[in-house]
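Q: Could you walk me through one helix of this model in close detail, along with its surroundings? I would like to know which way its side chains face and how its aromatic rings are arranged.

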Amino acid sequence: MVIITIRKARAQEAGGIRRCLTSAFEPSRFQYTRGAFEDTVPTVEAIRERMAYMTVYIAVAGTREIVGTVACEVEGVEGHVRGMAVQPPWQGHGIADRLLRTVESDLAAAGCVRLTLNTTEPLKRAISFYRRNGFVASGTVTDFFGMPLYEYVKALSDSSTARGRMG
């Protein structure tokens, strides 16, 4: 049995995060515009830049392989989630659930009362996952490099909201 550990990513792990994102999103590449795919699967340098203003978590199998990732940031009392991915061979093993719970817990501890995320139509499995986990479509649709980007929101319970800050 392989142990999966969820932890904050380090800058030197940006290459592994990119490999994870590529593996997860490659099956949908043909449904994305070029710009949308490049934003969804950013370069190693862009991932490092993202790490400067977002907290990035990884799911590590054993001691090395990054099999899942998610990023989040605090925007006032709102937390924003992005870049969630689990490599296809690891999907269906509860890793996405663990990543989402980690993010929700940390964002609640940071004082967030609501979460937002954006997703695209090709990611039907992800949309189902978000809905099962309490996210609902807000009705906001924006342009994402020539394709629709749908916003989903979730209220965090008052009892889980603490007044700390994410570190």
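A: Happy to; here is a close look at helix H5, its cover and its rings. This is a predicted model, in which local features need pLDDT of at least 70 and side-chain atom pairs count only at pLDDT 80 or more, while totals for chains, interfaces and linings use all residues. Residues are numbered from 1 along each chain as its sequence is written, and side-chain values use heavy atoms, with hydrogens and water left out.

Helix H5 spans residues 124-132. Helices here are DSSP runs (H or I) of at least four residues, strands are E runs of at least two, and both are numbered from the N terminus.

Let's begin with the side that faces inward. Ile127, Phe129 and Tyr130 are the buried residues of H5, where buried means under 20% relative accessible area, exposed over 50%, and partly exposed in between (1.4 Å probe, protein chains only). Because these three cover an arc of only 160° around the axis, they sit on the same side of H5; the arc is that of the directions from the helix axis to the C-beta atoms. As background, an α-helix has 3.6 residues a turn, so residues three or four places apart point the same way. Lys124, Arg125, Arg131 and Arg132 are exposed on the other side of H5.

What lies over the buried residues? The cover includes E4, H4, strand E5 (114-119) and strand E7 (147-155), with contact meaning heavy atoms within 4.5 Å. Of these, E4 covers residues 78-86 and H4 residues 95-109, and the loop between them holds Gln87. At 11% relative accessibility, Gln87 counts as buried. Its side chain reaches the backbone oxygen of Ile66 at 2.7 Å.

Now for the rings. A search of the whole structure finds four aromatic pairs: rings of Phe, Tyr and Trp (its six-membered ring) pair if their centres lie within 6.5 Å, and planes under 30 degrees apart count as stacked, over 60 as edge-to-face and the rest as tilted. One of the four joins Tyr32 and Phe37, whose centres are 6.0 Å apart with planes at 80°, so this pair is edge-to-face. Tyr130 and Phe135 also form an edge-to-face pair, at 5.8 Å centre to centre and 70° between the planes. Both Tyr130 and Phe135 are buried, and together with Phe129 they form one aromatic cluster. Finally, Gly134, which follows H5, has a positive phi near 90°.

Methods:
Polar contact = N/O pair within 3.5 Å; in protein donor to acceptor, adjacent residues only side chain to side chain.
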